[in-house]
Amino acid sequence: MASQLSGVIAGVFSLVLVLFFLAFFCLFVSFGIAVLLNEWLESSYAGYLIVAGFYAVLFVLAVLLSRSGVLKEKIRESLEDDE
């Protein structure tokens, strides 16, 4: 029982650590793209607004897919395929 619990805790900790570094990677890539767009557009803020708009569109799509049940079904299918 203790070895199973420690295995689960280690797995969760590993996943959290990977997601933490992935979030920082995405954050810095987003800032880099925003700064690059600012230079191309010769603006001090347009690149940030474009990147924020991109994330807003992704958020709206995720909410719509979640409410329609499509997202939940796709996640369920992918988990069943792993078994």
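**View 1. Three helices, zero strands.** The secondary structure of this predicted chain comes to three helices and zero strands. Reading from the N terminus, the order is simply α-α-α. The chain averages a pLDDT of 89, and 95% of the residues score at least 70. Confidence varies between elements: helix α2 (residues 46-68) has the highest mean pLDDT, at 93, and helix α3 (residues 70-82) has the lowest, at 77.

**View 2. The whole chain in its box.** Along the principal axes, the C-alpha atoms fill a box of roughly 60 × 30 × 15 Å. What radius of gyration does the protein chain have, and what would a compact globule of 83 residues have? The chain comes out at 19 Å, while the globule would sit near 12 Å. Just 8% of the 83 residues count as buried. The accessible surface is about 7,200 Å², and carbon and sulfur atoms account for 74% of that. As for charge, there are 4 positive and 8 negative side chains, with the centres of the two sets 13 Å apart.

**View 3. The loop between α1 and α2, with E42.** Here we zoom in on E42, which is found in the loop between α1 (2-41) and α2. Its phi is positive, about 50°, even though E42 is not a glycine. Most residues other than glycine have a negative phi. Is E42 buried or exposed? Its relative accessibility is 74%, so E42 counts as exposed, the cut-off being over 50%.

**View 4. Helix α2 from end to end.** How far apart are the end C-alpha atoms of α2? They are 33 Å apart, and that agrees with the 33 Å that its 23 residues should span at 1.5 Å a residue. A46, G47 and V51 are buried residues in this helix. Residues three or four places apart in an α-helix point the same way, because there are 3.6 residues a turn. Right after α2 comes G69, with a positive phi near 90°.

**View 5. S78 in α3, with S66 for reference.** The last close-up picks out S78, a residue of helix α3. S78 has a relative accessible area of 35%, so this serine is partly exposed. Where does S66 lie relative to S78, in sequence and in space? The two are twelve residues apart in sequence, and their C-alpha atoms are 15 Å apart. One caution for this view: α3, where S78 sits, is the element with the lowest mean pLDDT, 77.

Methods:
Residues are numbered from 1 along each chain as its sequence is written. This is a predicted model: local features need pLDDT of at least 70, side-chain atom pairs count only at pLDDT 80 or more; totals for chains, interfaces and linings use all residues. Side-chain values use heavy atoms; hydrogens and water are left out. pLDDT is the predictor's confidence in each residue, from 0 to 100. Helices (H or I, at least four residues) and strands (E, at least two) are DSSP runs, numbered from the N terminus. The expected span of a helix is 1.5 Å times one less than its number of residues. Buried means under 20% relative accessible area, exposed over 50%, partly exposed in between (1.4 Å probe, protein chains only). The radius of gyration is taken over C-alpha atoms; the globule rule is 2.2 Å times the number of residues to the power 0.38. Accessible areas come from the Shrake-Rupley method with a 1.4 Å probe; for residues, only the protein chains shown count as cover. Lys and Arg count as positive and Asp and Glu as negative; His and the chain ends are not counted. The place of a charge is taken as NZ of Lys, CZ of Arg, CG of Asp or CD of Glu.
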